[in-house]
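Colleague: Thanks for making time for this. I would like to go through the model with you and hear what stands behind the words you use for it.

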Amino acid sequence: KPPKVYSDPDYLVEYKGCKVNYPFYLNLDQLDTFEPRSTDVCVAAFPKTGTTWLSAIVYMLANDGDPQSILTGAPLKFKVPYLEMTIPYGDELDQEMMALDHLKKQDGVRTYVTHLSAKATPQRVMNEAKIVYIYRNPKDTIVSMYYFMRASMWFGFHGTMEQLVDDVTRDHCMNGPFFEHLESFWKLRNRSNVFITSYEELMKEPRGIIKKLSMFLGKNMTEAQLEETLHYSNFSQMKENPLTNMAEFESIGIINPKVARFFRTGQVGNWKKHFTPEMNAKVDAWIAKNLAERPDLAGLKF
Ligand code: A3P
């Protein structure tokens with residue numbers, strides 16, 4: 001049977017209120033076997049909101065800002081693997097193992113990531129691990145998602161940006177609904193094991209956020225260690241670093257760099273170059289509706 005693709009009506013499967021890509025949905029029953037530890041750090045994010053960026057920062061902080069932690073060894077995907085996904089391995093990267101199995105064997109501080117909403121993430125992880133969540137303006141998220149879905153053969157997506165705007169605003173998109181995802185974490189922001197930032201905030205004030213995050217993680221970092229973390233998690237550094245720039249997926253044809261690199265623009269407001277006035281009006285109406293319907297999100301502006 002050919003693998004399911006985005007245009008198949010049953011490609012997205014609802015799991016505890018979160019619409020999951022079919023291939024990842026198949027892995028979810030294994031999540032209950034996962035034993036979180038209080039020393040674990042779980043990065044959580046809706047897709048295309050800065051997950052990889054924050055994963056690199058968290059991994060460097062967990063390793064006391066040591067540049068070698070990110071410049072040597074395995075690709076970031078292995079160092080901060082997705083709970084709900086498999087990781088490729090072997091010389092040809094043609095074999096796959098559940099990230100969970102890889103994590104189970106690890107000692108010390110474990111760092112992992114999930115695109116699941118807070119309700120769909122195993123509750124033991126939500127309660128026992130440290131949770132670091134990032135969110136992003138939905139307009140830039142949609143543009144980033146469009147290029148990623150076009151470039152990546154995972155989705156078999158050949159639609160237009162207009163179609164994706166339609167899909168996201170009718171809450172039919174991976175890990176959606178977008179605002180359900182955001183609200184599920186935002187509600188927990190005062191918990192002592194939850195840290196929340198945004199792509200825009202991290203862009204504006206990376207040093208300050210990295211420092212706050214280091215304190216949240218219980219790290220007593222020197223200025224020099226913070227500086228290294230800041231430097232190596234910078235967009236251009238991560239784009240050039242073969243261990244963080246997803247080059248391994250490009251080299252095996254999973255991501256077509258001619259359509260879009262994983263490290264595309266790394267900007268705030270890139271949507272202005274892509275949205276027509278109609279698309280913008282549609283997204284604005286959807287944002288306004290969701291903010292009005294979700295009082296827990298009061299105070300957030302997009
Ligand atoms: P763009 O497509 O807008 O460039 P995710 O990791 O959640 O899939 O998000 C990918 C988005 O984060 C892409 O956005 C990518 O360029 C951006 N990104 C990745 N690393 C970054 C960094 N170090 N600084 C700024 N943006 C980064």
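Modeller: Happy to. Let me start with a cut-off: angles under 35 degrees between axes count as roughly parallel. Please keep in mind that this is a predicted model.

Colleague: Why are α8 and α15 called roughly parallel to each other?

Modeller: The axes of α8 (residues 161-169) and α15 (residues 277-293) cross at roughly 10 degrees and come within 10 Å. The limit is under 35 degrees, so α8 and α15 count as roughly parallel.

Colleague: Which residues make the contact between α8 and α15?

Modeller: From α8 they are Glu-162, Val-165 and Thr-169, and from α15 they are Met-279, Lys-282, Val-283 and Trp-286. By class, this contact of α8 with α15 has four nonpolar residues, one polar and two charged.

Colleague: Let's move on to burial. What makes Asn-175 count as buried?

Modeller: The cut-off for buried is 20 or more other C-beta atoms within 10 Å. Asn-175 has 26 of them, so Asn-175 is buried. You will find Asn-175 in the loop between α8 and α9.

Colleague: Which residues is Asn-175 in contact with, leaving aside its neighbours within four places in sequence?

Modeller: Cys-18, Lys-19, Val-20, Phe-46, Pro-47, His-115, Leu-116, Ser-117 and His-181. Take Val-20: Val-20 and Asn-175 are 155 residues apart along the chain, yet their C-alpha atoms are separated by 5.3 Å. The backbone deserves a look as well, with a positive phi of about 60 degrees at Asn-175, although Asn-175 is not a glycine.

Colleague: What joins Gly-176 and Pro-177?

Modeller: A cis peptide bond, with omega at about -5 degrees. Pro-177 lies in the loop between α8 and α9.

Colleague: And how do you know that helix α9 is mostly covered?

Modeller: By counting: nine of the nine residues of α9 (residues 178-186) are buried. Among them are Phe-178, Phe-179, His-181 and Trp-186, and the charged Glu-180 and Glu-183 are buried too.

Colleague: Where is Met-246 found, and what makes Met-246 count as buried?

Modeller: Met-246 is in the loop between α13 and α14 (247-251). Buried starts at 20 C-beta neighbours, and Met-246 has 22 inside 10 Å, so Met-246 counts as buried. Phi of Met-246 is near 70 degrees, a positive value in a residue other than glycine.

Colleague: Why is Met-149 called buried?

Modeller: Met-149, in helix α7, has 22 C-beta neighbours inside 10 Å and therefore counts as buried. Not counting residues up to four places away in sequence, Met-149 touches Tyr-6, Phe-155 and Phe-157. From Met-149 to Pro-138, the C-alpha distance is 16 Å for 11 residues of sequence.

Colleague: How do you know that Cys-42 is buried?

Modeller: Cys-42 has 24 other C-beta atoms within 10 Å, so the verdict is buried. Cys-42 lies in strand β3 (residues 41-45). Leaving aside neighbours within four places in sequence, the contacts of Cys-42 include Tyr-112, Val-113, Thr-114 and Val-125. With Val-113, the C-alpha atoms are 5.2 Å apart in space and the residues are 71 apart in sequence.

Colleague: Why does Arg-207 count as exposed?

Modeller: Exposed needs 12 or fewer neighbours. Arg-207 has 12 C-beta neighbours inside 10 Å, so Arg-207 counts as exposed. Arg-207 lies in helix α11 (residues 206-216) and touches Leu-226 and Leu-230, not counting residues up to four places away in sequence. The C-alpha atoms of Arg-207 and Thr-229 are separated by 9.0 Å, with their positions 22 residues apart along the chain.

Colleague: Now the ligand. How many residues surround the ligand?

Modeller: There are 20, and the closest are Thr-51, Thr-52, Ser-144, Arg-264 and Gly-266. The elements giving two or more residues to this shell are α2 (51-62), α7 (138-151) and α13 (235-240). By class, the shell has 10 polar, seven nonpolar and three charged residues.

Colleague: Last one: which residues does UniProt list for "domain: Sulfotransferase"?

Modeller: Residues 39-293, in an unreviewed entry. Over that stretch the chain is 47% helix and 11% strand, and the end C-alpha atoms are 36 Å apart.

Definitions and conventions:
Residues numbered from 1 in each chain as written. Predicted model: local features only at pLDDT ≥ 70, side-chain atom pairs only at ≥ 80, totals over all residues. Near = placed C-beta within 6 Å. Helix = DSSP H or I, 4+ residues; strand = E, 2+ residues; numbered from the N terminus. Axes fitted to C-alpha atoms, helices over the stretch in contact; angles between N-to-C directions. Parallel < 35°, antiparallel > 145°, perpendicular 65-115°, else oblique. Contact = placed C-beta atoms within 7 Å. UniProt positions renumbered as here; feature names shortened; annotations may be inferred.
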